[in-house]
Amino acid sequence: QVQLVESGGGSVQAGGSLRLSCAASRNFFSFSAMGWYRQAPGKQRELVAVITGGSTGYADSVKGRFAVSSDNAKTLYLQMNSLKPEDTAVYYCTAKSMGSDYWGQGTQVTVAS
């Protein structure tokens with residue numbers, strides 16, 4: 001089993017920044033992919049950013065504003081700059097290992113206009 005715990009969400013004005021963190025109970029080296037999803041009210045969950053095979057990928061809506069990274073074996077980050085009201089959502093950390101997907105409990109990000 002893998003536990004993922006997100007932190008760093010909150011409320012911010014448009015144009016501001018937030019940094020989300022995801023702490024894993026297991027070393028990331030055992031994961032084939034890690035990333036961030038988000039779900040806004042009334043909308044489907046969508047991929048925001050992913051790290052797999054040493055490469056990163058981003059949704060078009062966040063390219064150039066968000067950056068996913070990991071500074072050690074157990075913490076994943078999402079740096080979010082130039083935030084927009086449409087970035088308001090619950091953000092989830094996810095990891096894939098041995099064919100299983102693991103999810104955190106989510107952290108709320110609210111961007112006021």
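G104 counts as buried, because its relative accessibility is 10% and the cut-off for buried is under 20%. Keep in mind that this is a predicted model. G104 sits in the loop between strand 10, residues 100-103, and strand 11.

What does G104 touch, leaving aside residues up to four places away in sequence? The contacts are L4, E6, Y92 and C93. As for R26, 78 residues from G104 along the chain, the two C-alpha atoms are separated by 13 Å.

Two of those contacts, E6 and C93, lead to the next points.

Take E6. This residue belongs to strand 1, residues 4-7. Is E6 buried or exposed? E6 is buried, because its relative accessibility is 5%. Setting aside residues up to four places away in sequence, E6 touches S21, C22, W36, Y91, Y92, C93, G104, Q105, G106 and T107. Two backbone nitrogens deserve a mention here. The one of C93 is reached by the E6 side chain at 2.7 Å. The one of G106 lies 2.9 Å from a polar atom of that E6 side chain. E6 and C22 are 16 residues apart in sequence, with their C-alpha atoms 4.3 Å apart.

That brings us to the cysteines. How many disulfides does a search of the whole structure find? The search finds one. Its partners are C22 and C93, with sulfur atoms 2.0 Å apart. C22 lies in strand 3, residues 18-24, and C93 in strand 9, residues 89-97, so the pair links distant parts of the chain, 71 residues apart. The torsion about the S-S bond is about -75 degrees, which means that the disulfide is left-handed. Both C22 and C93 are buried.

Now to strand 11, residues 107-112, whose side chains alternate. T107, V109 and V111 point to one face and are buried. Q108, T110 and A112 point to the other face and are not buried. T107 is also among the residues that E6 touches.

Which strands pair with strand 11? Strand 9, the strand that holds C93, pairs with strand 11 in the antiparallel sense over three bridges. In that pairing, A89 stands opposite V109. Strand 2, residues 10-13, runs parallel to strand 11, and four bridges join the two. There, S11 has T110 as its bridge partner.

To go back over the route: G104 touches E6 and C93, the E6 side chain reaches the backbone nitrogen of C93, and C93 forms the disulfide with C22.

Conventions:
Residues numbered from 1 in each chain as written. Predicted model: local features only at pLDDT ≥ 70, side-chain atom pairs only at ≥ 80, totals over all residues. Heavy atoms only, no water. Disulfide = S-S within 2.5 Å. Buried < 20%, exposed > 50% of the residue type's maximum accessible area, 1.4 Å probe, protein only. Pairing = 2+ DSSP bridges. Contact = heavy atoms within 4.5 Å. Polar contact = N/O pair within 3.5 Å; in protein donor to acceptor, adjacent residues only side chain to side chain.
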